[in-house]
Amino acid sequence: LAVQISTNLLAEVNVYNLARRQEQAAGERVFVQKQMDEKRAELRQAEGELRSFLEGNRLYVASPELILEKNRLQRQVDMRNSLYSSMLQAYETARIEEVRDLPVISVVEPPEMPIEPDTRGGAKKTLMGLLIGFVLGLVIAFVRDKLAQNKEAQTDDFVEFSQLKKAAVGDLTHPWRPVARVFRPRPDA
């Protein structure tokens, strides 16, 4: 039963992790695809602006202002092209991750049945624990009953013992009391 539970648990954890990873990759792919479409449109617009400039200014080499404008438009096209390329690469990576079905968990040692039965004596230890607990419970009940009977009797010895016990507990909970008693002046002095 333990082997079956362990095997099933590993299989279910692996299925869950795989499904979760694929869902996450699908969400990332959709997001990157939207970004990629936007970057493609921006690239097309920048290319259109550069083409319009080149068509309108065939002899731009003679003017320094036109050369600067052409260089600015070219840089814009280059920048948009690199952004689009990186988005395209991220999109392809997300698509690959979405269909990847490799297990996430690597099982170092699969669960297996033991060769010999467990000889740790679980039943014996349980019975011993129950027996010791029963005996200990009887002893505690007996002591509490005796203390209650003594309290009802209220002998002088018991009253004196109770007062000494209170003083000792007070000294333990307040450790500076005995020190204070040493330095406190005595009434007979």
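This passage walks through the fold, surface, core and a few individual residues of a predicted model.

Start with the overall layout. The protein chain is all helix as far as regular elements go, with 5 helices and 0 strands, and from the N terminus the order reads α-α-α-α-α. The radius of gyration is 43 Å, well over the 16 Å that the globule rule gives for 189 residues, so the chain is more spread out than a compact globule. The C-alpha trace tells its own part of the story, spanning about 125 × 70 × 25 Å along its principal axes.

Next comes the question of burial and surface. Of the 189 residues in the protein chain, 12% are buried. The accessible surface adds up to about 15900 Å², with carbon and sulfur atoms accounting for 60% of that area. On the charge side, the protein chain carries 27 positive and 27 negative side chains, and the centres of these two sets sit 5 Å apart. As for contacts, take those between residues at least 6 apart in sequence: 76% of them join residues at least 24 apart.

Now for the core. The largest nonpolar core holds 10 residues in all: Val-32, Met-36, Leu-43, Ala-46, Leu-50, Phe-53, Leu-73, Val-77, Tyr-84 and Tyr-91. Helix H1 (2-56) and helix H2 (64-99) each put in at least two residues, and H1 gives the most, with 6. One member of this core, Val-77, touches Leu-43, Ala-46, Glu-47 and Leu-50 once residues up to four places away in sequence are set aside. Among those partners, Leu-43, Ala-46 and Leu-50 are themselves listed in the core.

Two further residues of helix H1 are worth a look. Lys-39 belongs to helix H1 and, despite its charged side chain, counts as buried because its relative accessibility is 17%, under the 20% cut-off. Leaving out residues up to four places away in sequence, Lys-39 touches Leu-83, Tyr-84 and Met-87; of these, Tyr-84 is also part of the largest nonpolar core.

Leu-18 is the other one, again in helix H1. With a relative accessible area of 18%, Leu-18 is buried too. Leu-18 also pairs up in space with a residue far along the chain: Ile-105 is 87 residues away in sequence, yet the C-alpha to C-alpha distance between the two is 9.4 Å.

Key
Residues numbered from 1 in each chain as written. Predicted model: local features only at pLDDT ≥ 70, side-chain atom pairs only at ≥ 80, totals over all residues. Heavy atoms only, no water. Helix = DSSP H or I, 4+ residues; strand = E, 2+ residues; numbered from the N terminus. Rg over C-alpha atoms; globule rule 2.2 N^0.38 Å. Buried < 20%, exposed > 50% of the residue type's maximum accessible area, 1.4 Å probe, protein only. Contact = heavy atoms within 4.5 Å. Areas by Shrake-Rupley, 256 points an atom, 1.4 Å probe, with all protein chains shown as cover. Lys, Arg positive; Asp, Glu negative; His and termini not counted. Charge placed at Lys NZ, Arg CZ, Asp CG, Glu CD. Core = buried A, V, L, I, M, F, W, Y, C linked by side-chain atoms within 4.5 Å.
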